[in-house]
Amino acid sequence: MRKIAYLTIDDGPTENTKGHVDYLNSKSIPAIMFLLGSNVEQYRDAAIYAVQHGIIVGNHSYSHPQFSKITLAEAVGEIKRQEALIDQVYAAAGRVRQYKLFRFPYGDKGGANKGQLQEYLKSEGFMKIDSTEITHPSYYENGLDKDWDVFWTFDYREYAIQDGASASDQRNILSYINMMGLWSGGSPLDRFSAEIILIHDHSATEMRFPGYFSELLDHTMAMGIEFTMPRFI
Ligand SMILES: [Zn+2]
């Protein structure tokens, strides 16, 4: 049976984003990049390049706060400020923005403000991934299919690579794919569920583990996982 995954890339753009986009295009991997506003201001050309090369760009807030630790007004401000920048990126790229997508930094849905933030996202026309192909029970037990932000089912946690790690320690990150499943334990390969896979566009990781981005994705595809574009509803 075929196992599919939807690729999401958080925290860009960076100086490495164009290279990532070229790699994705060379492998025909569709992807969603959840960008930070502060990074868009610094690497605006890379964001435009991603859009022009078929990447869907989503909102990951302006400055990556923990939404449970800011007020509702601040949270809405974070989303709005980044929305304006994303609209500018699409306009500069000469492309029509088809999807409004949002991912909370740290997956922190806002604590006491969660309900109001979900209402806000819905009322502003944000979309969610059609979860028909996702069969992980915990995805539904946690209500992730009902929410109007884009969560994930599998995180490489490649950002956990620390400074000073040996080359073998760095390569051990590949074994995480086999060891880690939905949030903790298990393996994405022992189920047929589709996955929403999370990788990060981090300069620090590139310095610690050069080529991590293509290596992790190549490894995933070699395991028989096929990256496809989700439907949005
Ligand atoms: Zn993030």
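**Surroundings of Lys-128, the zinc site and the salt bridges**

Leaving aside residues up to four places away in sequence, Lys-128 touches Asp-145, Lys-146, Asp-147, Trp-148, Arg-231, Phe-232 and Ile-233. In this predicted model, Lys-128 belongs to the loop between α5 (114-123) and α6 (137-141). The residue is buried and yet has no salt bridge, the nearest side chain of opposite charge being that of Asp-145, 6.7 Å away. Since a salt bridge is counted only when the nitrogen lies within 4 Å of a carboxyl oxygen, polar contacts of another kind deserve attention here. The side chain of Lys-128 reaches the backbone oxygen of Asp-145 at 3.2 Å, and a polar atom of that side chain lies 3.2 Å from the backbone oxygen of Lys-146. Asp-145 itself forms a salt bridge with Lys-146, with 3.6 Å between the closest N and O atoms; of these partners, Asp-145 counts as buried at 18% relative accessibility, whereas Lys-146, at 57%, counts as exposed.

The count of salt bridges comes to 11. One of them joins Glu-83 and Lys-100, whose closest N and O atoms are 4.0 Å apart. Because Glu-83 lies in helix α4 and Lys-100 in the loop between α4 and α5, this pair ties together parts that are 17 residues apart in sequence. Glu-83 is buried, with a relative accessibility of 9%, while Lys-100 is partly exposed, with a relative accessible area of 23%. A further salt bridge, at 2.9 Å from N to O, is formed by the side chains of Lys-109 and Asp-149. As Lys-109 lies in the loop between α4 and α5 and Asp-149 in the loop between α6 and β4 (154-155), the pair ties together parts that are 40 residues apart in sequence; both Lys-109 and Asp-149 are buried.

The zinc ion has Asp-11 (OD), His-60 (NE2) and His-64 (NE2) as its protein donors, at 2.0 to 2.1 Å, and along the chain these donors follow the spacing D-x48-H-x3-H. Distant parts of the chain are linked in this way, with Asp-11 in strand β1 (residues 3-12) and His-60 in the loop between β3 and α4 (72-93), 49 residues apart. Asp-11 and His-60 are both buried.

Strand β3 (residues 56-59) is covered on both faces, with Ile-56 and Gly-58 buried on one side and Val-57 and Asn-59 buried on the other. Strand β2 (residues 31-35) pairs with β3 in the parallel sense over four bridges, and Leu-35 stands opposite Asn-59 in β3.

Key:
Residues numbered from 1 in each chain as written. Predicted model: local features only at pLDDT ≥ 70, side-chain atom pairs only at ≥ 80, totals over all residues. Heavy atoms only, no water. Buried < 20%, exposed > 50% of the residue type's maximum accessible area, 1.4 Å probe, protein only. Helix = DSSP H or I, 4+ residues; strand = E, 2+ residues; numbered from the N terminus. Pairing = 2+ DSSP bridges. Donors = N, O, S within 2.8 Å, 3.2 Å for Na, K, Ca; no water. Lys, Arg positive; Asp, Glu negative; His and termini not counted. Polar contact = N/O pair within 3.5 Å; in protein donor to acceptor, adjacent residues only side chain to side chain. Contact = heavy atoms within 4.5 Å.
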